[in-house]
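Me: I would like to go through this structure and ask how its labels are justified. Please set each value against the rule behind it.

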Amino acid sequence: MNATQSPRVLVVGSGVAGLTTALEACARGHEVVLAAKDALDATNTVRAQGGMAAMTAGLPGGQPRDRAELHVADTLAAGAGLCEEPAVRALVAGSAAAVADLERWGVAFDRTAGPGSPWVEGLEGAHSVPRILHAGGDATGREIQRALLAAALGAERAGRLEILRHTLLVDLLRGPGDAPVTGALVLGPDGLLRTVGADAVVLATGGAGQLYPHTTNAPGATGDGIAAALRAGAVVADLEFVQFHPTALAAPGCFLVTEAVRGEGAVLRDAGGRRFLRDAHPRAELAPRDVVAREIVRRCLAQDGRPVVLDATGLGRQFLAERFPTVDAALRAHGLDWSREPVPVTPAAHYLMGGIATDPDGRTTVPGLWAVGECAATGVHGANRLASNSLLEGVVLGARVAAALGHDRGPLVPRGPVRPLPAAPSTGTAAPAAPGTPDDDGVPLRSALQEAMWAGAGVLRDGPGLAALAGRLGTLRAPAGTDRRSVEDRGLLELARAVTAAAAARTESRGAHAREDHPHPDPALATRTFWCAERHVPALTSAHASDDIYERIPAC
Ligand SMILES: Cc1cc2nc3c(=O)[nH]c(=O)nc-3n(C[C@H](O)[C@H](O)[C@H](O)COP(=O)(O)OP(=O)(O)OC[C@H]3O[C@@H](n4cnc5c(N)ncnc54)[C@H](O)[C@@H]3O)c2cc1C
């Protein structure tokens, strides 16, 4: 393919980012193949409740009090000094078009009255004005997934999009040296491996909540795309920044109770009934997520492990049922009536700010490889994501990737130095573990890994805990098979080691990364960190290291 030909594109992932990219790429006349390992709607996208942040001032029915500068400022503040500001500006500047595109694809955002009336815009933590569009009350992700999927299935029926269902990305195909990615090795629903050739592979494989035992994420959120990109030589960034949602139901499944509930006035209480967050932050329950999650963990420790409770009893049964039908139904399924009694909540791994380093058009450091959505690290979230910015990112960046495909300006060159990730410890003469093999203590690999990550790289971290975690991960043997479980577990282990290295290297507390032994931000460390598998690092210290790709984005 030369620089202007229409490329054959393989998009991996069927969440908001993958579907948007695929639809936009189809609309631009590209030949597009979309692959997803699970049912097409088994995504994190479908789980999103709170809504999508969007700067709608100037649109009919939009929020007149909002301004681009406010949304940018809120995003930068949440990101704690590590956001790429031009990327944030690109995100906010794209929000009006994102809303229009979604409505064109059939998303019905909630409005105050009939069609054409103002949108209902909710307030969430760390947003300075109400700017959260939602659909079906608290079913925003489900509505976006439904509409985008319907459009994709329509494109498939029209012969404009090929969809590979239940097809797992195993690895990326790439030659030696600076060779581009030429496709992917996938595991089909028939259990057979095959290759899918492509001029451009767009990873939209979502997050990695399954690194932890407590997570709001889908079971398939195992970070496969990030691990595959690392193996292919891509640079990753910001992996130490894992957002823990403060209020998952403290019950099996960790069902998320959206913070929009707190936006509407629900409060958190300790075992003594006190609103303990009022002591911790001026915005109390509407403080940034990391602050709320940390205070909950500290309060739980102080009250012998008993959970704190979310008290929404002041909001009224009818309001709760109408505004939060999904949460209401889930809580009732657990036998809880939140209109009458507070419900126990716990932090849970929720969103990975880090991922495959990209520019604001989704270019990675590897030619032919693109990344978008939660698996990418564009720098828009910095050290902590502003609530409800990720659905927006999937739509805005998905469209930007599609527009950039076929206009390849060469791979991304990271802003800062790239550090080598420690190689996996040698197993000596020991063979790789068979799929699902328990470790020496008889614990299945995934459970052992998750428990170790929760203890060592959870909400609160410190140097000795991270060192112990690195040691523990070093004792776990990666399975060798190409079955789904082995591919996922191998990737989780690679990613866990990378998260641990990044968390150990950041000897400060910033955003979602909280070190008990370094409780304050260190101005000397106010930079993003970039990492790469050890054997790929030399190729990246190139003469182009001073290029600043972010300067290409116009200010909004
Ligand atoms: C409970 C919950 C609530 C949330 N609420 C909000 C909210 O209110 N607002 C907001 O903005 N954000 C919210 N988020 C975050 C947001 O939903 C996600 O960040 C976003 O939807 C991610 O979209 P994505 O397309 O990148 O990934 P996903 O939607 O997770 O899609 C990933 C896709 O990749 C596929 N995949 C993964 N690995 C492979 C592989 N190896 N081979 C093939 N396919 C693979 C999966 O099957 C899936 O199709 C929430 C997240 C959760 C979990």
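Reply: Go ahead, and keep in mind that this is a predicted model. One place to start is the shell around the ligand, whose residues divide into eleven nonpolar, 19 polar and six charged.

Me: What makes a residue part of the group that surrounds the ligand?

Reply: One of its heavy atoms must lie within 4 Å of the ligand. By that rule 36 residues surround the ligand, and the closest are Thr45, Gly51, Leu169, Asp224 and Glu374.

Me: Which helix gives the most to this shell?

Reply: Helix 11 does, with three residues. Helix 11 (389-404) is also among the elements that each supply at least two residues, together with helix 1 (16-27), strand 7 (168-174) and strand 15 (343-352).

Me: Why is the pair formed by Asp224 and the ligand called a polar contact?

Reply: The cut-off is 3.5 Å between N or O atoms. A polar side-chain atom of Asp224 lies 2.7 Å from a nitrogen atom of the ligand, so the pair is within the cut-off. Ser390 also qualifies, since an N or O atom in its side chain is 2.8 Å from a nitrogen atom of the ligand. For Ala204, a backbone N or O atom lies 3.4 Å from an oxygen atom of the ligand, and this too is within 3.5 Å. The protein covers 97% of the 1000 Å² of accessible area that the ligand has on its own.

Me: Why are helix 12 and helix 14 called roughly parallel?

Reply: The axes of helix 12 (residues 445-457) and helix 14 (residues 484-505) cross at roughly 20°. Angles under 35 degrees count as roughly parallel, so the two helices get that label. Their crossing is left-handed.

Me: How do you know that helix 13 and helix 14 are roughly antiparallel?

Reply: The axes of helix 13 (residues 463-475) and helix 14 come within 10 Å and cross at roughly 160°. That angle is over 145, therefore the pair counts as roughly antiparallel. Helix 13 passes helix 14 in a left-handed crossing.

Methods:
Residues are numbered from 1 along each chain as its sequence is written. This is a predicted model: local features need pLDDT of at least 70, side-chain atom pairs count only at pLDDT 80 or more; totals for chains, interfaces and linings use all residues. Side-chain values use heavy atoms; hydrogens and water are left out. A polar contact is a pair of N or O atoms within 3.5 Å; within protein, one must be able to donate a hydrogen and the other to accept it, and residues adjacent in sequence count only if both atoms are side-chain atoms. Accessible areas come from the Shrake-Rupley method with a 1.4 Å probe; for residues, only the protein chains shown count as cover. Helices (H or I, at least four residues) and strands (E, at least two) are DSSP runs, numbered from the N terminus. Ala, Val, Leu, Ile, Met, Phe, Trp, Tyr, Cys and Pro count as nonpolar, Asp, Glu, Lys and Arg as charged, and the others, Gly among them, as polar. Axes are lines fitted to C-alpha atoms, for helices over the stretch in contact, and angles run from 0 to 180 degrees between N-to-C directions. Angles under 35 degrees count as roughly parallel, over 145 as roughly antiparallel, 65 to 115 as roughly perpendicular and the rest as oblique. A crossing is left-handed if the near helix is turned anticlockwise from the far one by less than a right angle, and right-handed if clockwise.
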